[in-house]
Amino acid sequence: MEVLSDHNWVLTVGTFLPLVGVLIMLFIPKADEALSKAVAIGTAAATLAVGVFTMVQFNYDKAGEMQFVAQAEWISVIKSSYFIGLDGISLPLYFLSMVITLLVMIYSWNHVPSPGNAKAFYILMLVLQTGMAGTFIARDLVLFFVFFELVLLPMYFMIGVWGGENRQYASLKFFLYTMFGSALMLVAFLALFFKTGAESFAIPFLIENGGAIAKNTQIWIFAGMFVGFAVKVPMFPFHTWLPDAHTQAPTQGSVILAAILLKLGTYGFVRIAIPILPEAAKEWAPWIGLLAVIGIIYGALGCLAQTDMKRLIAFSSVAHMGYVMLGISTLTSFGMNAAMFGMVAHGLITGMLFFVAGSVKERYHTLEIKRLSGMLVQMPKLGWILGFCAMASLGLPGLAGFWGEFPAILSAYQPAPGLNVTVFRVYMVVAAIGTVLAAGYLLWLYQRTAFGEPTEEFAAGHGHDEDIHDVNKFEWIAWTPLLIAIVVFGVYPQLMFQVLDPAVGVTLKAFGG
Amino acid sequence: MLSALAPAWTSPTIDYHALAPEMILAGGIVLLVLLDLFVADAKKWILTPLASFIVLGAFIPVLTLALSDGGVRSLFDDRYMVDNFSLVMKGLFLLSGYVVILLTADHLREGDYYQGEYWFLLLTSLLGMVMMASSRDLVSIFVSLELLSIPAYMMAAWRKRDLRSNEAGIKYYLLGVFASALMLYGMSLLYGISGSTKLVEISKYLGTDLTSVRALAVFFIVVGFAFKVSAVPFHTWAPDTYQGAPTPVTAFLSVASKAAGFVALVTVIFVGFPGSHDVWQPVFWILSALTMTVGNVLALKQTNIVRMLAYSSVAQGGFILMPLAVAGIDGVANSALRAIVTYLLVYAATNLGVFAVVMVVARKTRSGEISSYGGLFSYAPGIATLMTMFMASLAGIPPFGGWFGKFAAFQSLVSAGTTWAYALAIIGGINSAVAFGYYGKILREMWMKPVPDGDTTPVTVYSSLSVALVITSVATLVLGTFPGIPLHFGDIAGLAGAFGK
C-alpha cells in the first residue's frame, strides 16, 4: 500500500476536528447559546473545508486505490492499528457526512427542538460527525468498530431527549437493536481475525487472506456481520426500529439518520463483509436479495398505510435501502455502482424530505396527512420543494434518485456468475413493481398535502397565520446545496460513477468482475 | 530441643525491595493505630491524609519494581512471587484503595464515624489484597484471603445503629465464612493427596490424571472463590450487603474485594490446577453464563441505584469469568489472563467512578432511588455527563474503557475456537445488549425525565470527591481510547509459574 500523497494528515484532521470543537464548547457557558452555535457551525465549516481540500487533493485517476493512507500504532497487544485511508467508495460518503452535518447545524440555528439546550445538541452533532467520518475511513476492523459504535450514544440522546412524544421507547429500541447487532458483529470480526492466522485486523490483510477460510466457516462469520450491518441498514426483518426512531427523532436527527447512519450498514457490506468473505457472499447473495425485495414491497405497502407524513418517509427509507441492498446482492460491478450511487442519492433526497417534514411540522404542528392540504396555496415554495423531492424520491429520470434505483433493478437481470439467474430476474420484476408503488405513495402524499385548498383549521384567520410562513433564510441556506446536488447528480451521474467505479472494481476483484 | 530438630534452618534472604509495598502498609497501619490512641478527637482528621499517604507511599515501590528490570522476584522458597501480574494487581488495589479513601473522607467526617478504626480496617484489608497478588501457596493465599475479608465484614456493618448495615455485615460474614470453610476443605484435601501446599508442586502432582478426590478438591476451591466473586448461584449475599453497607464500603467491596477474589482464583487455577481443566472449564462455563444472565435480568427490575449496581457488579463478574471457561485450551491461557486483568482494570476505574457519582447525587437528593436521578442533566450537566460516560463504559460502548474489557474477553473466547466458546461468546453478546436495559435506565432518568419535585438546587462536589471523579474518568477514557498504553506498560500476561512455565 503505497502512500499516494503527502497529505495523509487530512483524514485524521477531518475526522477529529469536530472533537476539538466539542472541547472548546465545553468551556462556553450554557446560557450563551449563540456562541455555542457559532463555534459548532464554525467547527463544522472548518471540517468541511478540510473535506473540500481532501476532494481537491484526491487523485481521481487512481480512485480505485486507497489514498491519504496513514498507519500508526494503536493497540499493538491485539494487533490492531490506527489505519485509515480513502478511496472512491468512501469519498462520496465521507464528504456527504460533512456536508449534511454542516447543513443540519445551519438549519438548527433557529430550530433547536424542545427542550432546548443548544449547547448539548450541537455537541452531540459534532460527536456524531466524528463517528460517521471515522467509519468511512477506517481500514482496521477494531477501529471501524469503535467509530461504528461512537454514533450510538449521540443518536440515542438526540432521539430520546429532543424527540417526539414517544421518544424514550423509540430511542431505547434503536439502541437495543443496534447494540445486539454490533455484539454479534464483533464476535464475527474476532472469528475472522483468528481464522486468518491472528495476525492483523487490517482490512487489506483480511481481504487477502479471508478467501482461504473454509466455506462453511465463512458462512457463519458472514452471518454475524450480516446481523450487525442489516440492523443498521435496516433490512427486513430487522427494520422495525426505523419507523419509530425516525418518527420520534427531531428533524435534525432524522436527517442525519437517513442521510448517513443508515449508510454505515450498507457500507459495511461493501467494504468488509463481501470483499473479505467472497465465498460466503455468494451463498448469502440470494437471501440478501430476497430480503431486499421483501423490504422494497413491504416498505412501499407500509407507506401506503401511513397517516403520518414523517412515518411515511421513514417507511420509504426501508424501500429505498431495499434497492441499495438488491444492487449489492448481485455482486456485480453494475449493481454495486448503482447501490453506492443509491446510498448517496437516498442521503440527499430523503434527508431533504425529512427537512421538509420538519418544517411542515413546525408550521402546522402536525404531520397527520389528512389534516394537511393546500400547501401550494399557503406556502408555494415549500410546496414546490416537497414536490421536487417527492419526484426525486420516486426515481424520476433527470434527478439523482433515478440513478440509484433504475440501474439497481437492471443489475438483477444479470447477477454475478454463479448466482441463480432466474431467482434474480424474479427479484428484478418484483423490484420494478416496487417503483410503481413508490410513485403511488409519493404522488398520493403530494396530492393530499399540497393540492387543493387549506383545511379549515389552518385556513387564513384561524390563528395559525403567524406560524404558517414560507421557506425562511436558514432553510434556504441549508437546503439549496442539497437541491442543487440532486439536480446535478441527476443530470450528470457520471460525476459520481467515475469516482465509484474503479473502487468498486477493486472491491469485487474476488468475483472476477 | 527444638533447635536441635531443625539444624538446617537458615534465615531466608529477604528481598526488601520486593516486599516494600507490604512493609510500608504494615508500618503505616501500626502508625495509624498508635496515632489514633494518642491524638485528641478534634485532631483525628489528620488520620485521613495520613491513610492516603500510606497507600500512595506503598504504591511507589510498586512503580519502582515495575520499572526495574529484575524480572520475576521470588521469595520464601517460591511461595511468594513478585511478577508482572502481581505488580499490576497491586497497583490496581492500591489505587482503588486511594480512591476509596477519597470517597470516604467526607462521609466519615460528616457521619462522625470511628475514623481511626475505619482506616485501620481499610488498610488491613488492602494489605491482604496486596499480599494475595503475590501468594503462590495455599497457606499464604488463605491467610491473605482472611486478612482482606475479616476487616471487610466489619466495614460492611459500620453504621452501627442502622439495621440494614447490620444485616449487610452479618450476611456477608456468614456466607464469607461458609465459603472459606468450603475452600479450606478443598485445600485440606489437596494437601492430603499431594503432600504440599505450594501451588507449583500441587500442579505437578495433579497432572492431568483426575481421580474423584482430586476433582472434588478442585471443585470445592473453585466454589469457595465463586462466593467471593459473587458468581451466581453463590451471589445472594451481594445485593443485601451492597445496599446495606455505607456507600464507600460498597465501592470497596464491589471493586477491590471482588478483584482480589479474581486474583486468587486466577492464581489457583493457572498455577495450581492447569492440568485439571476438564473439571474447572465446564464449571466456569456454567458459572459465567448463569452469572451474567441472572445478574442482568435481576438488575433490570431494580429501583434502588445501589441494588442495581450490585446486580450489575454480579453480571460484570460473569463477563470476567468468561475467559476462564476456555483458559485450559492450548494457547488461550495468555489471552485469557490478559482479558481478566484488562477487564478488572477497566471495571475498577469505571465502577469507582459510578460510586463517586452516586455519593455526589445522594448527598443532594438523600435518596437511593433511581428516580432521584431525574433531570440530572438539566441542573448538573457535568456530573450527568460523567455518569453517562461511566454507564456507557459499563455497557461496553466505545470509546469508554468497558468496550475494551469486553473485547478482550470475547477475543480470548473466540481464539479458543470451540463450539462451546462460541456459544458462550454469543450468550455474552446478547447479555451485553440486555445490560443496556438498566444502564440505559439511568441515562434516561438523567437526560429525559423531569426533575423530581422541581428541586434544581445544584449538587455540591467536595474536593476529595472531585479528585476521585477526575482520576476515575480520566482512567476510563484513556483505557477506552488508548488501551494500548496501560497494556504496554508490562506484559500483564506475566504470571510466573502459570501452566507450568
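The second largest pocket of this predicted model holds about 950 Å³ of space. Its lining counts 42 residues. The largest pocket holds about 1,500 Å³. Chains A and B meet in a contact with no salt bridges between them.

**The second largest pocket**

- Five residues lie nearest the centre of the second largest pocket: A:Pro113, A:Ser114, A:Trp162, A:Gly163 and A:Gly164.
- Both chains help to line the second largest pocket. Chain A gives two or more residues from each of H6, helix H10 (241-248), helix H11 (251-276) and helix H14 (333-364). Chain B does so from helix H15 (376-379) and helix H18 (419-448).
- Which element gives the most to this lining? It is H14 of chain A, with four residues.
- The lining of the second largest pocket divides into 16 nonpolar, 17 polar and nine charged residues.

**The largest pocket**

- The largest pocket is lined by 42 residues. Those nearest its centre come from both chains: A:Leu19, A:Val22, A:Val127, B:Phe400 and B:Leu477.
- Several helices each supply at least two residues of the lining of the largest pocket. In chain A they are H1 (10-26), H4 (118-137), H5 (141-150) and H6 (152-162). In chain B they are H16 (381-395) and H19 (463-481).
- How do the residues of this lining divide into nonpolar, polar and charged? There are 31 nonpolar, eight polar and three charged residues.

**Where the chains meet**

- Chain A brings 37 residues to the contact, and chain B brings 38.
- About 3,300 Å² of area is buried between chain A and chain B. Carbon and sulfur atoms give 80% of that area.
- How many salt bridges run between chain A and chain B? The count is zero.

**Salt bridges**

- Side chains of opposite charge can pair when their charged atoms come close.
- Over all chains, the count comes to 16 salt bridges.
- One of them joins A:Asp87 and A:Arg271. The closest N and O atoms of this pair are 2.6 Å apart.
- The pair links distant parts of chain A, 184 residues apart. A:Asp87 sits in the loop between strand S2 (80-86) and helix H3 (90-108). A:Arg271 sits in helix H11.

**Domains from the UniProt record**

- An unreviewed UniProt entry places the domain "NADH:ubiquinone oxidoreductase chain 4 N-terminal" at residues 68-128 of chain A. In the model, this span is 49% helix and 25% strand. Its end C-alpha atoms lie 22 Å apart.
- UniProt, again in an unreviewed entry, places the domain "NADH:quinone oxidoreductase/Mrp antiporter transmembrane" at residues 138-422 of chain A. This span is 78% helix and 0% strand. Its end C-alpha atoms lie 37 Å apart.

**Backbone details in chain A**

- The peptide bond from A:Val233 to A:Pro234 is cis, with omega near -10°. A:Pro234 is in the loop between helix H9 (215-232) and H10.
- A:Pro237 is placed in the loop between H9 and H10 too. The peptide bond that leads to A:Pro237 from A:Phe236 is cis, with omega near 0°.
- Where is A:His365? It lies in the loop between H14 and helix H15 (375-378) of chain A. A:His365 has phi near 60°, a positive value in a residue other than glycine.

Notes: Residues numbered from 1 in each chain as written. Chains lettered and ligands numbered in written order. Predicted model: local features only at pLDDT ≥ 70, side-chain atom pairs only at ≥ 80, totals over all residues. Heavy atoms only, no water. 1 Å grid on protein atoms, 1.4 Å probe; cavity = no way out; pocket = protein on both sides within 12 Å on 5 of 7 lines; lining within 4 Å. Points joined across faces, edges and corners; volume = space filled by probe spheres on them. Nonpolar A, V, L, I, M, F, W, Y, C, P; charged D, E, K, R; others polar. UniProt positions renumbered as here; feature names shortened; annotations may be inferred. Contact = heavy atoms within 4.5 Å. Buried area = accessible area lost by both parts, 1.4 Å probe. Salt bridge = Lys/Arg side-chain N within 4 Å of Asp/Glu carboxyl O.
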